[in-house]
Amino acid sequence: MLDEEDEVFKEVLSSFPARRRYLIRILQTVQHKLGYLPEEGMEKVAQHVGISEAEIFGVATFYNQFRFVPLGKYHIVVCMGTACHTMGGQLILDGFERELEVKVGGVTPDRQYSLERVGCIGCCTKAPVVVINGVIYPKMTPYKVTEVLAALRDKDTEVSEEAQ
Ligand code: FES
């Protein structure tokens, strides 16, 4: 766990009473601040509210609002609702997994990209659809997966060159 993450746990835990009924709010607040729940911090939460770490994981996994891996700088969401799936959504998902060498639900080691699949996001006429940091990429193809990732990498290169 990073030092900043450790600080967030200290700050959040000191702002909530040491009671089990605050567990969900504690987890929500940590996730709001960090974007995910680092597994190493769950022991601190367990000690604070006086329940086992296993119970905390049980609660946190019950609510699918919680995630245990960080979001990447670019969070890629592949729609796998019926329309997108029918129009080749699996090929798009496979394409991102292959290009990024990361499995769905994971994040690349450099935390640049995280990959997730979701059900219908409500724009089926544009299937298959991908959303990256809130921007919709319509009518995706495996070829476009390569193009989109190349564009994101180019953008990062431009930014780092401008910073020099
Ligand atoms: S199924 Fe993908 S947007 Fe509806």
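**Note on a predicted two-domain model**

1. In strand β3, Ile 132 is the bridge partner of Ile 76. The model under discussion is predicted. On the β2 side, Ile 76 stands opposite Leu 115. Ile 76 is therefore a convenient entry to the sheet, with one partner in β3 and another in β2, and it is buried on one side of β1 together with Tyr 74 and Val 78.

2. The pairing around β1 has two senses. Towards β2, strand β1 (residues 74–79) runs parallel and is joined by six bridges; Cys 79 stands opposite Val 118 in this pairing. Towards β3 (residues 130–132), β1 pairs in the antiparallel sense over three bridges.

3. The sheet as a whole is open and has four strands, in the order β2-β1-β3-β4, with mixed pairing. The edges are taken by β2 (113–118) and β4 (135–137); each has a single partner strand, so one side of each is left without a neighbour in the sheet. On average, neighbouring strands are turned by 25° against each other when direction is ignored.

4. How many of the six residues of β1 are buried? Six of the six are, so the strand is largely enclosed by the rest of the structure. Both of its faces are covered: Tyr 74, Ile 76 and Val 78 are buried on one side, and His 75, Val 77 and Cys 79 are buried on the other.

5. The domain assignment of the protein chain gives domain 1 as 3–62 and domain 2 as 74–162. Taken over C-alpha atoms, the centres of domain 1 and domain 2 are separated by 30 Å.

6. The count of salt bridges comes to nine. One of them joins Asp 6 to Lys 44, with the closest N and O atoms 3.1 Å apart. Asp 6 lies in helix α1 (residues 3–14) and Lys 44 in helix α3 (residues 42–49), so this pair ties together parts that are 38 residues apart in sequence. Asp 6 is buried at a relative accessible area of 19%, which the cut-off of under 20% only just admits as a matter of definition, whereas Lys 44 counts as partly exposed at 30%. A network of salt bridges links Asp 6, Glu 7, Lys 10 and Lys 44.

7. A salt bridge also joins Glu 55 to Arg 20, the closest N and O atoms being 2.8 Å apart. Glu 55 belongs to helix α4 (residues 53–62) and Arg 20 to the loop between α1 and α2, so parts 35 residues apart in sequence are tied together. Glu 55 is partly exposed, with a relative accessible area of 35%, and Arg 20 counts as partly exposed at 44%.

8. Arg 67 and Glu 116 meet through their side chains in a salt bridge of 3.8 Å, N to O. Arg 67 lies in the loop between α4 and β1, and Glu 116 in strand β2, so the pair ties together parts that are 49 residues apart in sequence. Arg 67 is buried, with a relative accessible area of 17%, while Glu 116 is partly exposed at 26%.

9. Arg 67 also appears in the surroundings of Gln 31. Gln 31 has its place in helix α2 (residues 23–34) and counts as buried at 15% relative accessibility. With its neighbours within four places in sequence left aside, Gln 31 is in contact with Tyr 36, Leu 37, Gln 65, Phe 66 and Arg 67.

10. A search of the whole structure finds five aromatic pairs. Among them, Phe 16 and Tyr 22 form a tilted pair, at 6.2 Å centre to centre and with 45° between the planes. Both partners are buried: Phe 16 at 13% relative accessibility and Tyr 22 with a relative accessible area of 17%.

11. Phe 62 and Tyr 63 form an edge-to-face pair, with 5.2 Å centre to centre and 90° between the planes. Which of the terms buried, partly exposed or exposed applies to Phe 62? Phe 62 is exposed, with a relative accessible area of 65%, whereas Tyr 63 counts as partly exposed at 34%. Ring pairs link Phe 62, Tyr 63 and Phe 66 into a cluster, and Phe 66 is also one of the residues in contact with Gln 31.

Technical notes. Residues are numbered from 1 along each chain as its sequence is written. This is a predicted model: local features need pLDDT of at least 70, side-chain atom pairs count only at pLDDT 80 or more; totals for chains, interfaces and linings use all residues. Side-chain values use heavy atoms; hydrogens and water are left out. Two strands pair if DSSP finds at least two bridges between them. Axes are lines fitted to C-alpha atoms, for helices over the stretch in contact, and angles run from 0 to 180 degrees between N-to-C directions. Rings of Phe, Tyr and Trp (its six-membered ring) pair if their centres lie within 6.5 Å; planes under 30 degrees apart count as stacked, over 60 as edge-to-face and the rest as tilted. Buried means under 20% relative accessible area, exposed over 50%, partly exposed in between (1.4 Å probe, protein chains only). Contact means heavy atoms within 4.5 Å. Domain bounds come from an automatic or database domain assignment. A salt bridge is a side-chain nitrogen of Lys or Arg within 4 Å of a carboxyl oxygen of Asp or Glu.
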